[in-house]
Amino acid sequence: MGAYLSVPTWWQRLDSRYRLVLGRCTECGAHTFPADGPCVECAAVDAFEEVEPEGTGEIVAHTVIENGAPPEFAGLLDAEGAIGAVLVELDEGARVPAMLTDCDPHEHGRGDRVEAVVRRIYEGEGVVRYGAKFRPL
């Protein structure tokens, strides 16, 4: 979250945004998100097969944004008062940056189990952008 993405780049990565498609390295078996670039474990290049994860995992890093969010998230911040930004380690081992949803972001943090759900992320360039967020289990 947080960085501007052009509409073409957004569309190019829809599988990653909606289904959290991972790359499983054919050299070492490690999972990487998104499924491009070198393997995070063995640095093999172009050695991924795409896999769809269960969508569950554990929060390994957490912060709450209450002001100063990037402009594309100003409406969300106004509506919800705070945004929970997390790094989730999926059960498959890949780490995914995302936002919390369906909860008070102050009440959840490291070690909490979460599951992915598709929610509205923000609107930019006239396109409402949806993608995976995580809610507590």
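**Two open sheets, a cavity and a pocket**

In this predicted model, strand β1 (residues 22-25) and β3 run antiparallel and are joined by 4 bridges. One facing pair fixes the register: Leu-22 stands opposite Val-51 in β3. Strand β2 completes the arrangement. The three strands form an open sheet, ordered β2-β1-β3, with antiparallel pairing. Its edges are β2 (31-32) and β3 (48-51), each of which pairs on one side only.

Strands of a sheet pair through backbone hydrogen bonds, in either the parallel or the antiparallel sense. The next sheet also uses the antiparallel sense. It is open, has 5 strands, and follows the order β6-β5-β4-β7-β8. Here the edge strands are β6 and β8 (127-136), and each pairs on one side only. From one strand to the next, the twist averages 30°.

Start inside this sheet, with β5. Is this strand enclosed by the rest of the structure, or open to the outside? Strand β5 covers residues 83-90, and 6 of its 8 residues are buried, so the strand is largely enclosed by the rest of the structure. Buried here means under 20% relative accessible area.

Two strands pair with β5. On one side is β4 (residues 56-65), which pairs with β5 in the antiparallel sense over 8 bridges. Ile-65 stands opposite Ile-83 in this pairing. The other partner is β6 (residues 95-99), again antiparallel, over 5 bridges. There, Val-86 of β5 has Ala-98 of β6 as its bridge partner.

The link between β5 and β6 is worth tracing along the backbone. The two strands form a hairpin with 4 residues between them. Gly-93 lies in the turn and has a positive phi of about 105°.

Now move across β4 to its other partner. Strand β7 (residues 113-124) pairs with β4 in the antiparallel sense, over 3 bridges. Thr-56 stands opposite Glu-115 of β7. In the sheet order, β8 follows β7 and ends the row.

A database record overlays part of this region. An unreviewed UniProt entry lists residues 50-119 as "domain: ChsH2 C-terminal OB-fold". In the model, that span is 10% helix and 46% strand. Its end C-alpha atoms lie 23 Å apart.

Next, consider the empty space. Rolling a probe the size of a water molecule over the atoms shows where such space is left. How many cavities of 30 Å³ or more are there? The count comes to 1. The largest cavity has a volume of about 40 Å³. Its lining consists of Glu-80, Ala-82, Ile-83, Gly-84, Leu-100, Thr-101, Cys-103 and Pro-105. By class, these residues divide into 5 nonpolar, 2 polar and 1 charged. Ile-83 links this space to the sheet. It is a lining residue of the largest cavity, and it also stands across from Ile-65 in the pairing of β4 with β5.

The second largest pocket has another make-up. Its volume is about 150 Å³. Gln-12, Arg-13, Asp-15, Ser-16, Val-21, Pro-34, Ala-35, Asp-36 and Glu-50 line it. That lining holds 3 nonpolar, 2 polar and 4 charged residues. Glu-50 is one of the lining residues, and its number falls within β3 (48-51), an edge strand of the three-stranded sheet.

Conventions:
Residues numbered from 1 in each chain as written. Predicted model: local features only at pLDDT ≥ 70, side-chain atom pairs only at ≥ 80, totals over all residues. Heavy atoms only, no water. Buried < 20%, exposed > 50% of the residue type's maximum accessible area, 1.4 Å probe, protein only. Pairing = 2+ DSSP bridges. 1 Å grid on protein atoms, 1.4 Å probe; cavity = no way out; pocket = protein on both sides within 12 Å on 5 of 7 lines; lining within 4 Å. Points joined across faces, edges and corners; volume = space filled by probe spheres on them. Nonpolar A, V, L, I, M, F, W, Y, C, P; charged D, E, K, R; others polar. UniProt positions renumbered as here; feature names shortened; annotations may be inferred. Axes fitted to C-alpha atoms, helices over the stretch in contact; angles between N-to-C directions.
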